[in-house]
Amino acid sequence: MPDDPADLGDLCEDRDLDYRTQTEYAGTGPHPIVMGGAVEVVVLSEEAFPVEWTPETASEVVLVGCAYETLGDVELRTCSYTLGTSTVPLRVPLYNREVTILVWELRTWELVETVKFETAGDDCPETAILGQEVYAVGAVITAAELTAALEGVVTGAVP
């Protein structure tokens with residue numbers, strides 16, 4: 001087992017190690033969590049989670065959140081992006097995002113909770129990776145939305 005939680009890699013994709021010595025998901029929180037899955041959610045969690053949620057060592061990890069996101073069906077507004085040297089901005093519809101986080105106990109790989117939320121804001125992402133034919137972007141996921149969505153499972157008492 002590596003010492004640094006960052007060295008665990010994306011646990012949502014790689015469950016090959018034996019984690020039976022990890023701390024049990026029991027009692028009252030906080031229960032330290034690491035995130036995997038959707039890159040934007042992982043980066044946001046590293047920057048936004050309260051310090052007591054963040055394990056200092058890999059052995060402190062209790063929960064693994066595996067995040068998945070899709071574009072919703074609510075068009076919020078239009079965002080403008082400049083491509084290369086073009087002087088004409090590309091106007092792209094902004095949609096809400098639907099985020100699902102599967103929260104697992106690392107020790108047993110039992111599913112603890114499925115958390116779902118939709119982005120509430122209408123901020124355009126600073127940059128956009130656009131496909132060949134479909135041009136659309138998803139609303140920015142905020143730190144407040146992510147923290148609020150996971151607060152109960154991370155800080156609450158285990159039923």
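## Strand pairing

In this predicted model, Tyr95 has Gly138 as its bridge partner in strand S5. The pairing of S3 with S5 is parallel and rests on 2 bridges. S5 itself covers residues 137-138.

S3, which spans residues 90-105, also pairs with two other strands. With S2 (63-81) the sense is antiparallel, over 15 bridges. Here Arg77 stands opposite Leu94 of S3. With S4 (110-118) the sense is again antiparallel, and 8 bridges join the two strands. In that pair, Glu98 faces Glu118 of S4 as its opposite residue. As a general point, side chains in a regular strand alternate between the two faces of the sheet.

## The hairpin

Which two strands form a hairpin with 4 residues between them? They are S3 and S4, and the turn contains Trp109, whose phi is positive at about 60 degrees.

Trp109 appears again in the packing described below, as a member of a second core.

## Nonpolar cores

The largest nonpolar core consists of 22 residues. Ile33, Met35, Leu63, Ile101, Leu146 and Leu150 have the most contacts inside this core. Both helices and strands contribute: S1 (33-37), H1 (39-48), S2, S3, S4 and H2 (143-155) each supply at least two residues. Helix H2 provides the largest share, 4 residues. A second core, separate from the largest one, has 10 residues, including Val34, Val64, Leu106 and Trp109.

Leu63 gives a closer view of the packing. Neighbours within four places in sequence are set aside here. Among the residues then in contact with Leu63 are Ile33 and Val34. Others include Tyr25, His31 and Pro32, as well as Val103, Trp104 and Glu105. Val112, Val153 and Val154 are also in contact with Leu63.

## The largest pocket

How much space lies in the largest pocket? The volume is about 420 Å³. In general, such empty space is shown by rolling a probe the size of a water molecule over the atoms.

The lining of this pocket is made of 15 residues. Nearest the centre of the pocket are Glu40, Arg97, Pro125, Thr127 and Ala128. By class, the lining has 8 nonpolar, 3 polar and 4 charged residues. S2 and S5 are the elements that give two or more residues to the lining, and S2 gives the most, with 3. Both strands also pair with S3: S2 in the antiparallel sense, and S5 in the parallel sense.

Notes:
Residues are numbered from 1 along each chain as its sequence is written. This is a predicted model: local features need pLDDT of at least 70, side-chain atom pairs count only at pLDDT 80 or more; totals for chains, interfaces and linings use all residues. Side-chain values use heavy atoms; hydrogens and water are left out. A nonpolar core is a set of buried Ala, Val, Leu, Ile, Met, Phe, Trp, Tyr and Cys residues joined through side-chain atoms within 4.5 Å. Buried means under 20% relative accessible area, exposed over 50%, partly exposed in between (1.4 Å probe, protein chains only). Contact means heavy atoms within 4.5 Å. On a 1 Å grid over the protein atoms alone, a cavity is a set of points where a 1.4 Å probe fits but cannot get out, and a pocket is an open set with protein on both sides within 12 Å along at least five of seven lines; lining residues have an atom within 4 Å of a point. Grid points are joined across faces, edges and corners, and a volume is the space filled by probe spheres set on the points. Ala, Val, Leu, Ile, Met, Phe, Trp, Tyr, Cys and Pro count as nonpolar, Asp, Glu, Lys and Arg as charged, and the others, Gly among them, as polar. Two strands pair if DSSP finds at least two bridges between them.
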